[in-house]
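Student: Please take me through one part of this model closely, starting with a helix and where it ends, and then place that part in its wider setting.

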Amino acid sequence: MSLPEPFRLLAYLLGIMAFVGLNAAYLVWVERKGAGRFQRRPGPTEVGYAGLLQPIADAVKLLTKQVIVPPGADATLFRLAPVVVLAPALMCLAIIPFGPHLVAREINVGLLLLFAFGSINVMAIMIGGWASRNKYAIISAARVVSQDVAYEIPMLLVVITMLMVTGTMDLNQIVRQQAGAFWNWNLFKLAANPLMPVTFVIFYICMLAETNRAPFDMAEAESELVAGAFTEYAGMGFGVFFMAEYANIVVGCAVATVLFLGGWQSPIGILPGAFWFLLKLYALVFSVVWVRWTFPRTQFYGLLNLSWKILIPIALFTLILSSVMLKLF
Amino acid sequence: MAVAQGKAPNETFVLNLGPQHPATHGVLRVKLTMDGEYITRAEPVPGYIHRMQEKMGENRTWAQYLPNTSRIDYLSAMAYTHGYVGAVERAAGIQVPPRAEYVRVITSELNRISSHLVWFGAFLLDLGGFTPLLYAFDDREKILDLLEGITGSRLTYSYYRFGGLYNDVDEDFLGGTREFVAQMRPRLGMYRTLVTENIILRKRLEGIGVITPEQCRKYGATGPVIRGSGIAYDVRKVEPYSVYADFEFDIPVFPEGDSMARYLVRMEEMGQSLRIIEQALAKLPDGPVMAEKVPRVLKPPAGDYCYAVEAARGRFAVLVVSDNKEMAYRIKLRTPSFSNLSLFEEVSQGMMLPDALALMGSLDLVIPDIDR
């Protein structure tokens, strides 16, 4: 990359915004197509070849709709929430290494930044739910807060474990350490921590919960809370929340790829890094879609029990185990 | 579960569940008094789709009222028509030929399976699992096609007539039904492994929404709801109507009383219905499907006549009061959903909102059946 510094950053940020926009639009298509296949029906077929233009039609439809601010709602916060929900996801992607040199900003506290921004998502949904002045929205907002607080803890414990194994917060550095064949990926670094696959599973579950995806979709819970925190949102206000959900999935899966699956490292040494990164990323995204259309929603206290009684103790145990391993070897 | 009972009004809030809410499957309104996510009081407010079904019976002739019966519980239209037709036949003293009775049993049981399949899909939808709905509707589609072939209608059949049937079944129907029974068995097995044994589903249903046999008696609940509470009451066994006495089948009973028990009862019932259909197909006699000499204008002798059937949701009883005229003096419909809904207020007390919705789903309410 030979662009001078401010332009380079600008180009990257534009690229990231386009990436998020495209992903949000086409993950909806993947979701609908995938859901269709799981349910033995074709999914969208009408708009464009295999329904490929459907996301664009949806976006145009949402953009033409009026953004209604319900009377009695806190208009400022109500309008602010969709912005606050999408911006952190964009920020997170700025430090994700898509390839050896394909990263907007290499920051040596990347991991910290990632989770700092990742937590803002909760606040945005809470603001949205609270500002709507709708009982369903407020119930949903309260649920989201307790859910995300509960799942932030095991997730951060897992991240600390990874931090001890890798010894750096620089995401690109973490990826470089996993060079070589797939058994060099952190997922299979059993010498550093024999429970590494378990750690990955915990991270994956926490990621599902953090992004409010089924089976932990307490925020939306359409059969209980109508549309949860987004009940009062219409048009693109709702659309932005929708985009943010997919952007967060992409971020979550990207972090999982970087931390556990070797990021842009190729397992067989051919093809550019970006290809492998995206392949791993979308494999994870697909599994997220798969889970959604397979399982019913968990009960709310079941969800909290899972976090406090199962995930946190196991995450703590793996943390202690890897610190012992680190000390011994 | 810590529940705050008797809290000051300013510590609770009222949440209107419905009349437009995805979980009530229709225009049922439930006024919930909530303490956080816990329900302190749930007051059902039915009546949004009240159509005066009983009153309508008083100002149209016996035959004219027949199509109404398909529209009370639209998901088990066959059984409801059976109840009404049975009551009028009892009043007018009409003997139904055996072939008609067998076909009535076959179609009623097919209808029961299709009703349970809709419930299965919708219940899982309540629990947040979308996919089973489409699988269930795939199976239901086959039943609807079969019934459409003989009745000309897919939902509101009005297939039974006083003294028999609208028309005879053909080979397409009989062959198709045999095929369906053979196809449906493995499908039920698939539902068992894919859905019933799912850990999330079990955690959401087991021990949740326990209904005691005393509560069932108190509110006159019926159908799979009481069979899930350990009461082996099924009209088909207790007071066999039509030709149900000729068949071998079991009444699935689960003593736990929780939502899982009600779920299992319905899943088992589908298998039992298949058994009945198989036997009825094997034994199906030849002969007419309509009694001879059924008067065109019925004037049943004065008196009260009652006929009860086991519909998909429980005991459906029709009481007709005749005063020897062309129209009924009074028609009273005893519908299962209404009494099952009555349970909700007491049982849902102190439950969390999602659990209460799972309970409501397990009661399998059909709103026009409540409001009539």
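Tutor: Happy to. Right after helix α6(A) comes A:G167, whose phi is positive, near 75 degrees. Helices here are DSSP runs of H or I with at least four residues, strands are runs of E with at least two, and both are numbered from the N terminus. The helix itself covers residues 135-166 of chain A, and its 32 residues should span 46 Å at 1.5 Å a residue; the end C-alpha atoms lie 45 Å apart, which agrees. That expected span is 1.5 Å times one less than the number of residues.

A word on what you are looking at: this is a predicted model, in which local features need pLDDT of at least 70 and side-chain atom pairs count only at pLDDT 80 or more, while totals for chains, interfaces and linings use all residues. Residues are numbered from 1 along each chain as its sequence is written, and chains are lettered from A and ligands numbered from 1 in the order in which they are written.

Now for the wider setting, beginning with the interior. The largest nonpolar core has 197 residues, and those touching the most other members are A:I96, A:I125, A:C206, A:A247, A:V285, B:V88 and B:A356. Such a core is a set of buried Ala, Val, Leu, Ile, Met, Phe, Trp, Tyr and Cys residues joined through C-beta atoms within 7 Å. A residue counts as buried if 20 or more other C-beta atoms lie within 10 Å of its own, as exposed if 12 or fewer do, and as partly exposed in between, with C-beta atoms placed from the backbone. Helix α10 of chain A, residues 235-260, gives the most to this core, with 16 residues. Beyond its neighbours within four places in sequence, A:V285 is in contact (C-beta atoms, placed from the backbone, within 7 Å) with A:L27, A:I249, A:V250 and A:C253.

Where the two chains touch, chain B contributes 26 residues and chain A 23 residues. On the chain B side, at least two residues each come from β1, α3 (98-126), α4 (131-151), α6 (199-205) and α12 (353-363).

The strand β1 of chain B also belongs to an open antiparallel sheet of three strands in the order β1-β2-β3. Two strands pair if DSSP finds at least two bridges between them. The edges of this sheet are β1 (13-17) and β3 (38-45), each pairing on one side only. Seven bridges join β2(B), residues 29-35, to β3(B), and B:D35 stands opposite B:Y38.

Chain B has another open sheet of three strands, antiparallel, in the order β6-β7-β8. Its edge strands β6 and β8 each have a single partner strand, so one side of each lacks a neighbour in the sheet. Strands β6(B), residues 303-311, and β7(B), residues 314-322, pair over nine bridges, and a hairpin through two residues joins them. Along this pair, B:Y305 stands opposite B:V320, and B:V309 has B:F316 as its bridge partner. On the other side, β7(B) pairs with β8(B), residues 330-334, over five bridges, with B:V318 opposite B:L333.
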